[in-house]
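Take a walk through this fold, from the sheet down to a single side chain. Keep the viewer open.

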Amino acid sequence: MHGPPPTSAADHWDDFYDRDPQVWSGRPNALLVAEVADLTPGTALDVGCGEGADAVWLAERGWQVTAIDVSRTALDRGARRAAAAGVADRIVWQHHDLASSFPTGTYDLVTALYLHSPIALERDPILRAAAAAVAAGGTLLVVGHAAAPPWAAHEHHPPEHRAFPQPDDTAAGIGLHDGAWVLETCAVRQRSTTDPAGQPATVSDSVVRARRR
Ligand SMILES: C[S@@+](CC[C@H](N)C(=O)[O-])C[C@H]1O[C@@H](n2cnc3c(N)ncnc32)[C@H](O)[C@@H]1O
C-alpha cells in the first residue's frame, strides 16, 4: 500500500491562507524597500507574491508589476489590496505553480522573497528561471530566511528544511558568479520583527541582489 498522495502546493498554500483573513503584515518587506529604493521604476516580476503587499508597494512607486503565486486565495487578496490602493491597473496577477510553469517575458526587476515551502520546491531551478527573466541592466533580488526564526527553532522540520540556504549558496545555485552579473549584495541581514505572541524578535535573512550586465 502506498500512503496518501502528497498535498499539492496549490492545496497546501490555499489552506494556509484560508486559515486567516490576513496572514502577512500588509506592509512591504523592509529589505525590499531598502534594496529597491535606488532603482528607476520599470517592469517588475514578484515571484511567490503572497498577499501582494510588496507588489502593491512597487506599483505605488511607479513599477508595472506582474505578481505570481500558486495560491488563488493569496492572489485574490492581492488584487483587492491593489484596488483599494488605487493601483489595480499597474499589477497583473498570475497563477503559476513554479514546479511546472513560469511567466514569460523579461523584467527590469525580478524579486523572490521567502520562496520557502513545506511542499517540495526545487528552489535553484526556479531562481535560475527568475534570473533568466531579468532584462539586460535589470536587477534580481532574492531574500529568504537564513535561519529558523527564534520562536520556531525548536519545531520539527523535515531534513530538507533544517538548513536554510545562505547567501553564497543562493548566488552559486543561480550562477551569479559567471561574469554576466554584478553581485551587489550577498549578505545575512538581521531584521526586527514581532513574534506570533506579539513580542519583539530578531530574525536573520539572506539577501542576494545582482544586476545583469
Ligand atoms: C513564505 S510565503 C512568502 C510570500 C511573500 N513573498 C512574502 O514575502 O510575504 C511563500 C509564498 O510562495 C508561494 N509558493 C509556494 N510554493 C509555490 C509554487 N510551487 N509556485 C508558486 N508559488 C509558490 C506561496 O503560495 C506563498 O505565497
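What follows covers the sheet, the helices on it and one threonine.

This is a predicted model: local features need pLDDT of at least 70, side-chain atom pairs count only at pLDDT 80 or more, and totals for chains, interfaces and linings use all residues. Residues are numbered from 1 along each chain as its sequence is written, and side-chain values use heavy atoms, without hydrogens or water.

Start with the sheet. It is open, with 7 strands in the order 3-2-1-4-5-7-6 and mixed pairing. Strand 3 (91–95) and strand 6 are the edges, each pairing on one side only. From one strand to the next, the twist averages 15°. Strands (E, at least two residues) and helices (H or I, at least four) are DSSP runs, numbered from the N terminus. Two strands pair if DSSP finds at least two bridges between them.

Strand 5 (residues 134–145) pairs with strand 7 (residues 200–212) in the antiparallel sense, over 7 bridges. Leu 141 has Arg 209 of strand 7 as its bridge partner. Helix 5 (residues 123–132) packs on the sheet and touches strand 4 (107–113), strand 5, strand 6 and strand 7. Contact means heavy atoms within 4.5 Å.

Now move to strand 6 (residues 181–194), where Thr 185 lies. Thr 185 is buried, at 9% relative accessible area; buried means under 20%, exposed over 50%, partly exposed in between (1.4 Å probe, protein chains only). Leaving aside neighbours within four places in sequence, Thr 185 contacts Glu 35, Val 207, Val 208 and Arg 209.

How values were computed:
Axes fitted to C-alpha atoms, helices over the stretch in contact; angles between N-to-C directions.
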